[in-house]
Amino acid sequence: VQYEVVSNFVNGIAGVKKNGKVGYIDTKGGEVVPLMFEDGHEFLDDYAAVKTNGKWGFANLKGKGKLVIEANYEQVGRFSEDRCW
């Protein structure tokens with residue numbers, strides 16, 4: 001067992017957790033976003049809400065987890081169709 005937690009696959013990507021860090025893998029088990037976040041939601045439309053330094057922001061899948069909206073928020077929803085809800 002490589003990860004402590006593996007979420008459901010959504011559009012071929014699943015969140016994983018190991019040693020208190022969250023990252024994302026593809027259906028072949030390849031790491032598409034390194035284990036670097038405190039928490040995270042599923043990727044929708046290439047964006048996922050992720051928690052780092054106690055705050056939430058949004059990471060881009062194509063940028064391998066690069067924050068596209070800085071983690072400045074206490075709480076966020078999911079990102080879909082170019083909007084956060």
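**Close-up views of a two-sheet predicted model**

**View 1. Val 16 meets its partner across two strands.** The bridge partner of Val 16 in β3 is Gly 23. Keep in mind, as you look around, that this is a predicted model. Val 16 belongs to β2 (13–18), and β3 covers residues 21–26. These two strands run antiparallel and are joined by six bridges.

**View 2. The open sheet from β1 to β4.** Here you can follow four strands in the order β1-β2-β3-β4, paired antiparallel in an open sheet. Each of β1 and β4 (31–37) stands at an edge with a single partner strand, so one side of each has no neighbour in the sheet. Between β3 and β4, which run antiparallel, there are three bridges. Which residue of β4 stands opposite Ile 25? It is Glu 31.

**View 3. The turn between β3 and β4.** Stay with the same pair of strands: β3 and β4 form a hairpin, and four residues lie between them. Look for Gly 29 in this turn, where phi is positive, at about 90°.

**View 4. The largest pocket and its lining.** The volume of the largest pocket is about 180 Å³. Its lining counts 15 residues, and Ser 7, Gly 15, Val 16, Val 22 and Gly 40 are the closest to the pocket centre. Which strand supplies the largest share of the lining? That is β2, with three residues. At least two lining residues come from each of β1 (5–6), β2, β3 and β5 (39–40). Sorted by class, the lining holds six nonpolar, five polar and four charged residues.

**View 5. The surroundings of Val 22.** Val 22 is one of the residues closest to the centre of the largest pocket, and it is also a member of the largest nonpolar core. Leaving aside residues up to four places away in sequence, Val 22 touches Val 16, Lys 17, Pro 34, Leu 35, Met 36, Phe 37, Glu 38, Asp 39 and Gly 40. One of these contacts, Phe 37, belongs to the largest nonpolar core as well.

**View 6. The largest nonpolar core.** This core has 11 residues: Ile 13, Val 22, Tyr 24, Val 32, Val 33, Phe 37, Phe 43, Ala 48, Val 50, Ala 59 and Leu 61. At least two of its residues come from each of β3, β4 and β6 (47–52). The strand that gives the most is β4, with three residues.

**View 7. The open sheet from β5 to β8.** A further open sheet has four strands in the order β5-β6-β7-β8, again with antiparallel pairing. At its edges are β5 and β8, each with a single partner strand, so one side of each is left without a neighbour in the sheet. Four bridges link β7 and β8, which run antiparallel. Within β8, Lys 66 stands opposite Asn 60.

**View 8. Two loop residues with positive phi.** Where does Asp 46 sit? Look in the loop between β5 and β6. Asp 46 is not a glycine, yet its phi is positive, near 70°. With a relative accessible area of 27%, Asp 46 is partly exposed. Now move to Lys 64, in the loop between β7 (55–60) and β8 (66–73). Lys 64 is not a glycine either, and its phi is positive at about 55°. Is Lys 64 buried or exposed? Its relative accessibility is 56%, so Lys 64 counts as exposed.

How values were computed:
Residues numbered from 1 in each chain as written. Predicted model: local features only at pLDDT ≥ 70, side-chain atom pairs only at ≥ 80, totals over all residues. Heavy atoms only, no water. 1 Å grid on protein atoms, 1.4 Å probe; cavity = no way out; pocket = protein on both sides within 12 Å on 5 of 7 lines; lining within 4 Å. Points joined across faces, edges and corners; volume = space filled by probe spheres on them. Nonpolar A, V, L, I, M, F, W, Y, C, P; charged D, E, K, R; others polar. Pairing = 2+ DSSP bridges. Core = buried A, V, L, I, M, F, W, Y, C linked by side-chain atoms within 4.5 Å. Buried < 20%, exposed > 50% of the residue type's maximum accessible area, 1.4 Å probe, protein only. Contact = heavy atoms within 4.5 Å.
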